[in-house]
Amino acid sequence: MRLTQQTRPALANLLLALTLLLMPLARAAAAPLVLAVGETPLFAPLQLAGLEGHFAAEGLDVRVLPCINGRRCLKHLTDGEAQMATAADTPMVFALHSGHRFDIVATFGTSSKDTMMVARQDRGIRTPADLAGKRIGVVRGTSAHYFTNVFLLVNGVARDSVTLVFLDPARGAEPLLRGEVDAAALYRPVGPQAVEQLGAKGLVLPTLRSYTVTVNLVAQPGLSQDTLLRLLKAVQRSIALLNSEPARAHARLATLWKQDAKAVGVQLEGYEFRLGLDQTLLSTLEAESRWATREGLVGGAGAPDYLELMRIEPMRALDARAMTVIK
């Protein structure tokens, strides 16, 4: 096409229109990936990845959005404020029953010691059986909520013999310390802190069998496999650091947690960090669905298809041996 004095203005207008059209796309392309990460010890690998620059090392521009627990992280995701989030199994069940949809990408940690039943001895509680007739505090829709269900069941305490009091997670152990409840299911670091603050008035109740919490990475549908694989590689770096160089990892986390490295090591006792996608996660989610439905905590529209929601390709590409989900 030969440019003339008449065609130049038209071409200039066309180029301007194209520039205005492409500007939002360019801004979107430049926007960082927002990852909501819980602030408790259970989410240590993702916290460490941010501190160590592991996301950038894998070519990702990630903005970490801290949140008080996995349930809040998941809300950031379902509200569209984050593209990925960390969450324990129980909040995932509640969110999916509410009609939200997201991809389950990987599990990066498990623990049977993350949550404890802390009771007040001055309320006459010495054993799990003494919980009958008492008020137990839990944060609704969290792993501590399901832990309480398992704790009562395996220790022979009838569910209708106790009163569950739903707590505000922002208050930490305050309701237990003030005597507003007689016992509380508390995850780290709040549980150990409550035991220390209660002194002789408090104790951790033993249990016949522990509930093992899984902590997972979930994503909004539509994220590319390349992005997810890069993110998993960054998490893999952090897990390797936690497992092979714990002193260095604990020193880095100490700056974030505002504790000394020794205290960080104590907080992380009982956690197993590894990447995978296991059939046991599927079984846990299905069991929690049945419990939540039976207790009237979720709608009765039927359980989500958890297997269908598992995005197995990125984890399979990273390490097929870490996959036990059959899909």
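Welcome to this structure. A good place to begin is C67, which counts as buried at 3% relative accessibility. The model is predicted, and a search through the whole of it turns up one disulfide, the one that involves this cysteine. From there the tour moves to an open sheet of six strands, to the helices lying across it, to strand 8 with its covered faces, and to two helix pairs.

**The disulfide**

- C67 is joined to C73, with an S to S distance of 2.0 Å.
- A disulfide is a covalent bond between the sulfur atoms of two cysteines.
- The link of C67 and C73 is right-handed, with 90 degrees about the S-S bond.
- C73 is buried as well, because its relative accessibility is 0%, under the 20% cut-off.

**The six-stranded sheet**

- Following the sheet across, the strand order is 2-1-3-10-4-11, and the pairing is mixed.
- Strand 2 (62–67) and strand 11 (271–276) are the edges, each with pairing on one side only.
- On average, and with direction ignored, neighbouring strands of this sheet are turned by 25 degrees against each other.
- Strands of a sheet pair through backbone hydrogen bonds, either parallel or antiparallel.
- Strand 4 (residues 103–111) and strand 11 run antiparallel and are joined by four bridges.
- T110 has E272 of strand 11 as its bridge partner.

**Helices lying across the sheet**

- Helix 5 (residues 89–97) lies across strand 3 (84–88), strand 4 and strand 10 (213–219).
- The direction of helix 5 is at about 110 degrees to strand 3.
- Helix 9 (residues 225–244) lies across strand 1 (33–38), strand 2, strand 3, strand 4, strand 10 and strand 11.
- Relative to strand 11, helix 9 runs at about 150 degrees.

**Strand 8 and its partners**

- Strand 8 (residues 183–187) is mostly covered, with five of its five residues buried.
- In a regular strand the side chains alternate between the two faces of the sheet.
- In strand 8, A183, A185 and Y187 are buried on one side, while A184 and L186 are buried on the other, so both faces are covered.
- Strand 5 (residues 115–120) pairs with strand 8 in the antiparallel sense over five bridges.
- Within strand 8, A185 is the residue that stands opposite M117.
- Strand 6 (residues 135–138) runs parallel to strand 8, and two bridges join them.
- G137 stands opposite A184 of strand 8.

**Where helix 9 meets helix 10**

- The two helices pack at an angle of about 115 degrees, with their axes 5 Å apart.
- That angle makes helix 9 roughly perpendicular to helix 10.
- Helix 9 brings L241, L242, N243 and S244 to the contact, and helix 10 brings P246, R248, A249 and L253.
- Sorted by class, the contact of helix 9 with helix 10 has five nonpolar, two polar and one charged residues.

**Where helix 6 meets helix 12**

- Helix 6 (residues 143–154) and helix 12 (residues 279–294) cross at roughly 85 degrees, and their axes come within 11 Å.
- Helix 6 is therefore roughly perpendicular to helix 12.
- On the helix 6 side, H145, Y146 and N149 take part, meeting A287, E288, W291 and R294 in helix 12.
- By class, this contact of helix 6 with helix 12 has three nonpolar, two polar and two charged residues.

**Single residues to look up**

- A57 is part of helix 3 (residues 54–57).
- With 46% relative accessibility, A57 counts as partly exposed.
- A57 and R230 are 173 residues apart along the chain, and 9.3 Å separates their C-alpha atoms.
- The peptide bond from R188 to P189 is cis, with omega near 0 degrees.
- P189 sits in the loop between strand 8 and helix 8 (190–198).
- K258 is not a glycine, yet its phi is positive, at about 60 degrees.
- The loop between helix 10 (246–257) and helix 11 (261–267) is where K258 is found.
- K258 is exposed, with a relative accessible area of 73%.

Conventions: Residues numbered from 1 in each chain as written. Predicted model: local features only at pLDDT ≥ 70, side-chain atom pairs only at ≥ 80, totals over all residues. Heavy atoms only, no water. Pairing = 2+ DSSP bridges. Axes fitted to C-alpha atoms, helices over the stretch in contact; angles between N-to-C directions. Contact = heavy atoms within 4.5 Å. Buried < 20%, exposed > 50% of the residue type's maximum accessible area, 1.4 Å probe, protein only. Parallel < 35°, antiparallel > 145°, perpendicular 65-115°, else oblique. Nonpolar A, V, L, I, M, F, W, Y, C, P; charged D, E, K, R; others polar. Disulfide = S-S within 2.5 Å.
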